[in-house]
Amino acid sequence: MRQKACGWSIAVPVAGDYVAEMSDTTIGTGRWSDLANPTRFMALADRLVPWMAGLSAVILAVGLWASFNAPADYQQGLTVRIMYIHVPFAWLAMLCYTLMAASALGTLVWRHPLADVALKSAAPIGASFTFLALVTGSIWGKPMWGTWWVWDARLTSVFVLFLMYLGLIALTRALGDPQKSARAVAVLTLVGFINIPIIKFSVDWWNTLHQGESIFRLDGPTIAPSMLWPLAAMALGFTLLFFALHMMAMRTEILRRRVTTMRRLAARRADGR
Amino acid sequence: MLALYIRDVRIGIRAGGGALVGVLFFLAVVAVVPFGVGPDLTLLARIGPAILWIGALLASLLGLERLFQADREDGSLDLLMLAAERHPSVLTVFVKCLAHWTTNVLPLVVASPLLGLFMNMEAAAIGATTLTLLVGTPAIAFIGAVGAAVAVALPRGGLLVSILILPLTVPVLIFGVSASYGAVNDPQPFLPPFLILVALTLFFAVIGPLGAALALKHATD
């Protein structure tokens, strides 16, 4: 157990309190605890990232080609093509927060050492996708609704989600020490996750203008299949891109922490002399 | 628990007049609005409930960062958390939130009818706004406790706490304001948003202390 948990400081056998802290945290069985070893995770990520990035590039290219050949909407004309990037961005904005909430649970309940890394590195990516969803929505809104921004229910709740992402990033940055910040950020992420449905509901109560749900419905999608397939391809492509980016960000974060640990050790050794 | 409540209330009233500063801030925010939108009395009457709610929301964020920080500095927070077997830390946090609300937020609610007069609001609107503030502001205190708890280790976390908390208080603001309007404007209902506001307060009374206690436990060990 102890050996497995020493992954952070694999280059240095004795890593002081940092390892002691990490070694208590490897609880759980099966594949997730295998991944708790950062070295093993790094190896997996090294293998997966090129595949995911390549696949995402191919699917995105196909999706782009398909969405330019998809029929124009009878009302909205060519501007409907913004949908093929706007909708995946909005989905990913929500997916990313869900992933962060799951990681927060991982940090607080199972104390999975990588959950904290996953949470921290997902936040900026999620914020970027949310921002892109807002921007593309705004560009779509200008010709359709005649204005860049309306205080409509969905826009507003996505905007609130964006603010929550920024708040989480700000908190991570402000706290600095990864051990301390991990739990605080996890608590806040979970509280935010519980709040999202409430915010959604309250904002719906407050105002609504956006079109209703048209894909995930009990009576089947109301969107034409010729538009649905390019959209699905784009969504899949961007999801793969998201996971590739996320793995890369996690890898960077792990390396950053190793560097910090090694620097600290070097400094301690220099003091000892 | 009662002793903790009384202690916190006494500290809140005594220490540098934190409660009074909140009321003054509320007064200043509301007084600035007419300068911004113009002295049109009908317009002020129309936006009055919203202004009072926003002012109260901002003013109740003021003292939040001190909710746990003062106790952390003198070490009593550690003692409170250590006593978790005798008094569950969730309950401790809950009581601290109530004390914070009594000292910092209740004065705002008391002051709001007077400010309602400044805003040229009708008697019914003033009554409804005061009532919704009375019912809704505890929710802000409870949800604020989470923000105060996660930022407890930061020396100047006040602004950060506000940034973290404001998005989460959107539902409270929406239902508080819409209930206030519901009492005056005829087609809009009063009771449904008011009841939802009550539900939000009860909900956050559970979620807030739970989250805050969890964050404090990790911050102190």
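B:L67 is buried, with a relative accessible area of 8%, where buried means under 20% relative accessible area, exposed over 50% and partly exposed in between, using a 1.4 Å probe and protein chains only. This is a predicted model, in which local features need pLDDT of at least 70 and side-chain atom pairs count only at pLDDT 80 or more, while totals for chains, interfaces and linings use all residues. Residues are numbered from 1 along each chain as its sequence is written, chains are lettered from A and ligands numbered from 1 in the order in which they are written, and side-chain values use heavy atoms, with hydrogens and water left out.

The helix that holds B:L67 is α4 of chain B, residues 66-73; helices (H or I, at least four residues) and strands (E, at least two) are DSSP runs, numbered from the N terminus. Leaving aside residues up to four places away in sequence, B:L67 touches B:K96, B:H100, B:A145 and B:A148, a contact being heavy atoms within 4.5 Å. From B:L67 to B:V161 there are 94 residues in sequence, yet 11 Å in space from C-alpha to C-alpha.

One of the partners of B:L67, namely B:K96, also takes part in a salt bridge with B:D71, in which the side chains meet at 2.4 Å, N to O. The rule for a salt bridge asks for a side-chain nitrogen of Lys or Arg within 4 Å of a carboxyl oxygen of Asp or Glu. Because B:D71 lies in helix α4 of chain B and B:K96 in helix α6 of chain B, the pair ties together parts that are 25 residues apart in sequence. Both ends of this bridge are buried, B:D71 with a relative accessible area of 5% and B:K96 with one of 2%.

B:K96 is touched from another helix as well, since B:L4, which sits in α1 of chain B (residues 2-14), has B:L80, B:T92, B:V95 and B:K96 as its contacts when residues up to four places away in sequence are not counted. B:L4 counts as buried because its relative accessibility is 10%. B:L4 and B:L80 are 76 residues apart in sequence, but their C-alpha atoms are 9.6 Å apart in space.

Helix α6 of chain B also has a residue at the surface: B:F118 is found in this helix and counts as exposed because its relative accessibility is 54%. Together with B:L20, B:L24, B:L27, B:L114 and B:L117, B:F118 makes a nonpolar surface patch of about 640 Å². Such patches are made of residues with over 30% relative accessible area and no salt bridge, like charges being joined within 9 Å and nonpolar side chains (Val, Leu, Ile, Met, Phe, Trp, Tyr) within 5 Å.

Chain A has 9 helices and 0 strands, and of its 273 residues 47% count as buried. Among the contacts in chain A with a separation of 6 or more, 80% are between residues 24 or more positions apart.

A bridge between distant parts of chain A joins the side chains of A:D116 and A:R257 at 2.8 Å, N to O. In this pair A:D116 belongs to helix α6 (residues 113-145) of chain A and A:R257 to helix α9 (residues 225-272) of chain A, 141 residues apart. A:R257 forms another salt bridge with A:E253, with the closest N and O atoms 3.0 Å apart; these two residues are separated by about one helical turn because they are 4 residues apart in helix α9 of chain A. A:R257 is buried at a relative accessible area of 4%, and A:E253 is buried at 5%. A network of salt bridges links A:D116, A:K120, A:E253, A:R256 and A:R257.

How many residues of chain A are in contact with chain B? There are 27 residues of chain A in contact with 27 residues of chain B. The two chains bury about 2,300 Å² between them, 86% of it on carbon and sulfur atoms, buried area being the accessible area (1.4 Å probe) that two parts lose on being put together, summed over both. In chain A, the residues that lose the most area to chain B are A:V187, A:L188 and A:W205, together 22% of what that side buries. Across this interface the rule finds 0 salt bridges. The elements that give two or more residues to the side of chain A that touches chain B are α7 (153-175) and α8 (178-206) of chain A, and α8(A) gives the most, with 16 residues.

Technical notes. Areas by Shrake-Rupley, 256 points an atom, 1.4 Å probe, with all protein chains shown as cover.
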